[in-house]
Amino acid sequence: MPSPNRLVAAPLLIATLAFAVTGPAIADSKRSVSVPAAERLNIGRDTSAADIRARLAEKGFDVRKVEFEGYKTEVKVYDASGRCLEIYFDPASGEEIRRKRDDDCGRRHSVREDWYADRLIAASDDRRRD
């Protein structure tokens, strides 16, 4: 007769392995953002980072980063409500593939901080001219 420890250990091991395989997928699905087909974005075919920034800015996004990877273009943005998102595009068609919430878009400056940074840049430019 098998030992009682084996009877308990086998199901526990199976449950642990099942969670290890499906756990990341479950966590990633919670971060996905559902977007109706009519509201999905299209950035156009083979566009540059500057074009992507301009097109998404017109739609109300604050673009933080654009990355070109072989089979996708990844864009990190803040939406109008201030949420950090990753939006993936198909580079061949320019159509949005996926959108998900993210937490590493970088620091977003307030208007006051932007004003202060602009003043520092202007002051340093004045010093260089003197």
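# From a loop glycine to the sheet and its core

G44 has its place in the loop between α1 (4-31) and α2, and this residue is a convenient point of entry into what is a predicted model. With a relative accessibility of 19%, G44 counts as buried, because the limit for that class is set at under 20%. Leaving aside the neighbours within four places in sequence, G44 is in contact with R55, S93 and G94. The last of these contacts joins distant parts of the chain, since G44 and G94 are 50 residues apart in sequence, while their C-alpha atoms are 4.3 Å apart in space.

The wider frame can be described next. The protein has three helices and four strands, and from the N terminus on these elements run in the order α-α-β-β-β-β-α. Of its 130 residues, 25% count as buried, and the protein exposes about 9,500 Å², of which carbon and sulfur atoms supply 56%. Among the contacts in the protein with a separation of 6 or more, 34% are accounted for by residues 24 or more positions apart.

The four strands make up an open sheet in the order β1-β2-β3-β4, and their pairing is antiparallel. At the edges of this sheet stand β1 and β4 (96-101), each with a single partner strand, so one side of each is left without a neighbour in the sheet. From one strand to the next, the twist averages 20°. In general, the strands of a sheet pair through backbone hydrogen bonds, and the pairing may be either parallel or antiparallel.

The pairing can be followed in detail between β1 and β2, which form a hairpin with two residues between them. Seven bridges join these two antiparallel strands. V63 has V77 as its bridge partner in β2, and V66 stands opposite V75, which also belongs to β2. A helix accompanies this part of the sheet: α2 lies across β1, β2 and β3, and runs at about 140° to β1.

How many residues does the largest nonpolar core have, and which of them have the most contacts inside it? This core has 14 residues, and those with the most contacts inside it are L56, F61, V75, V77 and F89. At least two residues of the core are supplied by each of α2 (49-58), β1 (62-69), β2 (72-78) and β3 (84-89), and the largest share, three residues, comes from β3. V75 and V77 thus appear both among the core residues with the most contacts and in the bridge pairs described above, V75 opposite V66 and V77 with V63.

F89 deserves a separate look within this core. Not counting residues up to four places away in sequence, F89 touches L41, I43, L56, K72, T73, V75, G94, E95, E96 and I97. This list includes L56 and V75, which are, like F89, among the core residues with the most contacts. It also includes G94, the glycine that is in contact with G44.

Two charged residues touched by F89, K72 and E96, lead to the salt bridges, of which a search of the whole structure finds eight. K72 forms one of them with E69, where the closest N and O atoms are 3.6 Å apart. The two partners differ in their exposure: K72 is buried at 16% relative accessibility, whereas E69, at 31%, counts as partly exposed.

A comparable contrast is found between D79 and R83, whose side chains meet in a salt bridge with an N to O distance of 2.9 Å. Here D79 is buried, at 9% relative accessibility, and R83 is partly exposed, with a relative accessible area of 36%. The side chains of E96 and R99 also meet in a salt bridge, again at 2.9 Å from N to O, but in this pair E96 and R99 are both buried. Beyond these pairs, salt bridges that share partners join K76, E86, K100 and D102 into one network.

Key: Residues are numbered from 1 along each chain as its sequence is written. This is a predicted model: local features need pLDDT of at least 70, side-chain atom pairs count only at pLDDT 80 or more; totals for chains, interfaces and linings use all residues. Side-chain values use heavy atoms; hydrogens and water are left out. A salt bridge is a side-chain nitrogen of Lys or Arg within 4 Å of a carboxyl oxygen of Asp or Glu. Buried means under 20% relative accessible area, exposed over 50%, partly exposed in between (1.4 Å probe, protein chains only). A nonpolar core is a set of buried Ala, Val, Leu, Ile, Met, Phe, Trp, Tyr and Cys residues joined through side-chain atoms within 4.5 Å. Contact means heavy atoms within 4.5 Å. Accessible areas come from the Shrake-Rupley method with a 1.4 Å probe; for residues, only the protein chains shown count as cover. Two strands pair if DSSP finds at least two bridges between them. Axes are lines fitted to C-alpha atoms, for helices over the stretch in contact, and angles run from 0 to 180 degrees between N-to-C directions.
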